[in-house]
Amino acid sequence: MKWSFDQPKFGDMIRVNFNGLYHYGIFIDEDKIVQFGLAPVARRLLKDSEVEVLTSNVEQFLCGGFLEVGIPEKKDGKRRPPKKIVEYALSKLGQRGYSILYNNCEHFAYECTFGQKRCTQADDVREMFRSMPILDVYTAKIPDTDFDIDTIIPEERREEILSCGSDKVKREKFYAWALLKYALSRTFNYKMEDLVFERAETGKWNLPNCFFSISHSNDMVAVAVSRNAVGVDIEAVNPKKCSAIEKVLTKKEKKLFAGVCEEERSTFLTQKWTEKESIFKAGKNGKFRPAKLETAIEGLNTKSVVYDGVEYVLTVYSAKTSPIRYREQIKLD
Amino acid sequence: MTREEITVKLKDLFDLVLKDDDSPDLELTEDTNLVTDMGLSSVGVLYAVVAVEEFFNIRFDDVGFSDFSTVKDVIDYIEKKVNA
C-alpha cells in the first residue's frame with residue numbers, strides 16, 4: 001500500500017499518524033468514517049474489551065493529525081469495489097474483540113478493503129525486535145562451594161571439563177559454563193537443554209542461535225552473548241606477565257606504550273592483551289598470533305574493574321556496533 | 001521459570017525496547033503502573049507486547065493488554081503462560 005495526502009473518496013482506506021503509530025479507518029464521507037475504536041489518544045480510558053467498531057466524523061478521526069489515503073498496490077491483493085468495502089465496514093458496527101496485535105484498527109481496515117486481516121505495524125515492530133543488536137557482558141566471581149559437574153550440558157563439554165588435570169581449571173571452566181547458562185537464559189530466554197552446541201575444528205564451541213564468548217582469570221569469569229560475532233576477555237592485571245605481553249605489541253602499540261607512565265604500564269599491557277584475545281575470539285579460524293593483531297580498530301570496548309581488591313581488565317569486541325549491557329557480579333550457586 | 005526470573009527478564013526487556021539510550025534504567029517494581037508510572041503510550045504498548053511475546057514465546061491472544069494495570073499483572077500473565 002502506498003499513501004498520499006490526497007482528498008479521500010468513498011470506500012478509501014485512510015489513516016492518521018499519532019507519535020509513530022497509525023490509526024486506520026474506512027472513508028464514507030466527511031461525516032462518516034468507519035473504524036475499530038477511535039484513535040488511541042481519544043480512547044485512553046477504555047479497556048480493549050470495550051473498544052468497538054463505530055463511526056465518527058473526519059475531525060474526530062484525525063484528532064488534529066493529517067489524513068493519508070491508501071493507494072493499493074498489486075502485492076496487497078484484490079481490492080473490493082468501494083460499495084462492497086463500505087457495506088462490509090458498516091455490517092461490523094458494534095463488533096468488539098479488539099487486540100493490539102491480532103485484531104486492531106489496521107486489521108479491520110484491511111479486512112474491509114481486501115477481505116483479509118493484516119497489520120503491517122505489528123509485523124514491522126516484530127521484525128525490528130528480532131533484528132535488534134544485542135550484546136550483553138556478564139561477570140561473576142567463582143564461588144568456593146562444591147559444584148556438581150553432572151549439571152553441565154552438553155555431555156561432550158562435561159567430558160572436556162572432567163579431562164582437565166587441575167581442579168582449579170575444572171572449577172573455572174565449570175563456573176564459566178554456569179555463567180554462560182545464566183547469560184543465555186537471561187538475554188535470550190534459551191534453556192541449555194534445548195540448545196544444540198557444536199564444536200568447531202579449532203575447539204571453539206558454537207551455537208546456531210546466537211554468538212557467545214567465555215573467559216576466566218583468577219577468581220573471575222566473564223561471558224559475552226550477542227546476535228553478532230563477539231569475543232570477550234578478562235585478565236587480572238599482573239606485572240609479572242607484562243614483560244611477555246610487551247613482546248607481542250605491534251609497532252604502533254609500542255609507540256603508544258613508550259608514552260605510558262610507569263604506574264600505568266601494567267594496566268596498558270593487560271588491556272592490549274585482552275583486546276587481542278577478544279578480536280581473535282570473535283573470529284572463526286586460524287591460530288592466535290597476538291603480535292600480528294592490530295588493536296586500533298573499531299568495536300573494542302575495554303574497562304578496568306576491581307573485584308575483591310584485584311584489578312582486572314575486561315574487554316569485549318564485536319565488529320558490529322551494539323550498545324553493550326554490562327551485568328556484573330552475578331551470583332553463581 | 002520462577003517469578004523472580006520472569007521479573008528480571010521483563011525489566012531487561014522493557015529497558016531494551018522502551019527506554020532511550022541516555023535515560024536511566026527503568027525503576028520497576030510489581031506495583032509500577034504501566035500508564036501512570038511508566039507512561040506507556042500506544043506505541044510503547046505495541047513495542048512492549050511484541051517484545052514480551054517474542055522473548056517469552058507466548059501470545060497475548062486471550063487478553064487485552066489494557067486489562068493490565070501494573071507490572072504485577074503482566075508478570076502474573078507471563079507466569080501462567082510459560083508454566084502452563
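# A tour of the predicted model, from Asn57(B) to Glu277(A)

Select Asn57(B) to begin: with 10 other C-beta atoms within 10 Å, this residue is exposed, since 12 or fewer such atoms is the cut-off for that class. The model is a predicted one. Asn57(B) sits in the loop between H2 and helix H3 (71-82) of chain B. Check its backbone torsions next: phi is near 55°, a positive value in a residue other than glycine. Most residues other than glycine have a negative phi.

**The helix pair between the chains**

Now select helix H2 (residues 42-56) of chain B together with helix H4 (residues 120-130) of chain A; they pack at an angle of about 55°, and their axes are 10 Å apart. That angle makes H4(A) oblique to H2(B). The crossing of H4(A) past H2(B) is right-handed. To show the contact, pick Gln121(A), Ala122(A), Val125(A), Arg126(A), Phe129(A) and Arg130(A) on H4(A), then Leu46(B), Tyr47(B), Val50(B), Ala51(B) and Glu54(B) on H2(B). Coloured by class, the residues of this contact are seven nonpolar, one polar and three charged.

Widen the selection to the whole contact between the chains, which takes 21 residues from chain A and 23 residues from chain B. On the side of chain A that touches chain B, H4(A) supplies the largest share, six residues. That side of chain A divides into 10 nonpolar, six polar and five charged residues.

**Chain A as a whole**

Hide chain B and display chain A as a cartoon. Its secondary structure comes to nine helices and 15 strands. The radius of gyration of chain A is 29 Å, well over the 20 Å that the globule rule gives for 333 residues, so the chain is more spread out than a compact globule. Along its principal axes, the C-alpha trace of chain A spans about 85 × 50 × 40 Å. Of the 333 residues in chain A, 35% are buried. Of the contacts in chain A between residues at least 6 apart in sequence, 64% join residues at least 24 apart.

**Cys63(A)**

Go to the loop between helix H1 (58-62) and strand S6 (67-71) of chain A, where Cys63(A) lies. Phi of Cys63(A) is near 50°, again positive in a residue other than glycine. What is the exposure class of Cys63(A)? Cys63(A) is partly exposed, with 15 other C-beta atoms within 10 Å.

**The cis bond at Ile153(A)**

Move on to the loop between strand S7 (135-141) and helix H5 (155-162) of chain A, and select Ile153(A). Pro154(A) is also found in the loop between S7 and H5. The peptide bond from Ile153(A) to Pro154(A) is cis, with omega near 5°. Most peptide bonds are trans.

Ile153(A) is partly exposed, having 16 other C-beta atoms within 10 Å. Leaving aside neighbours within four places in sequence, Ile153(A) is in contact with Met192(A) and Glu193(A). Add Trp177(A) to the view: Ile153(A) and Trp177(A) are 24 residues apart in sequence and 8.8 Å apart in space, C-alpha to C-alpha.

**Glu277(A)**

The last stop is helix H9 (residues 265-282) of chain A, which holds Glu277(A). Is Glu277(A) buried or exposed? Glu277(A) has 22 C-beta neighbours inside 10 Å and therefore counts as buried, the cut-off being 20 or more. Not counting residues up to four places away in sequence, Glu277(A) touches Gly231(A) and Asp233(A). Finally, select Arg289(A), which is 12 residues along the chain from Glu277(A), with 9.5 Å between their C-alpha atoms.

Technical notes:
Residues numbered from 1 in each chain as written. Chains lettered and ligands numbered in written order. Predicted model: local features only at pLDDT ≥ 70, side-chain atom pairs only at ≥ 80, totals over all residues. Axes fitted to C-alpha atoms, helices over the stretch in contact; angles between N-to-C directions. Helix = DSSP H or I, 4+ residues; strand = E, 2+ residues; numbered from the N terminus. Parallel < 35°, antiparallel > 145°, perpendicular 65-115°, else oblique. Left-handed = near helix turned anticlockwise from the far one by under 90°. Contact = placed C-beta atoms within 7 Å. Nonpolar A, V, L, I, M, F, W, Y, C, P; charged D, E, K, R; others polar. Rg over C-alpha atoms; globule rule 2.2 N^0.38 Å.
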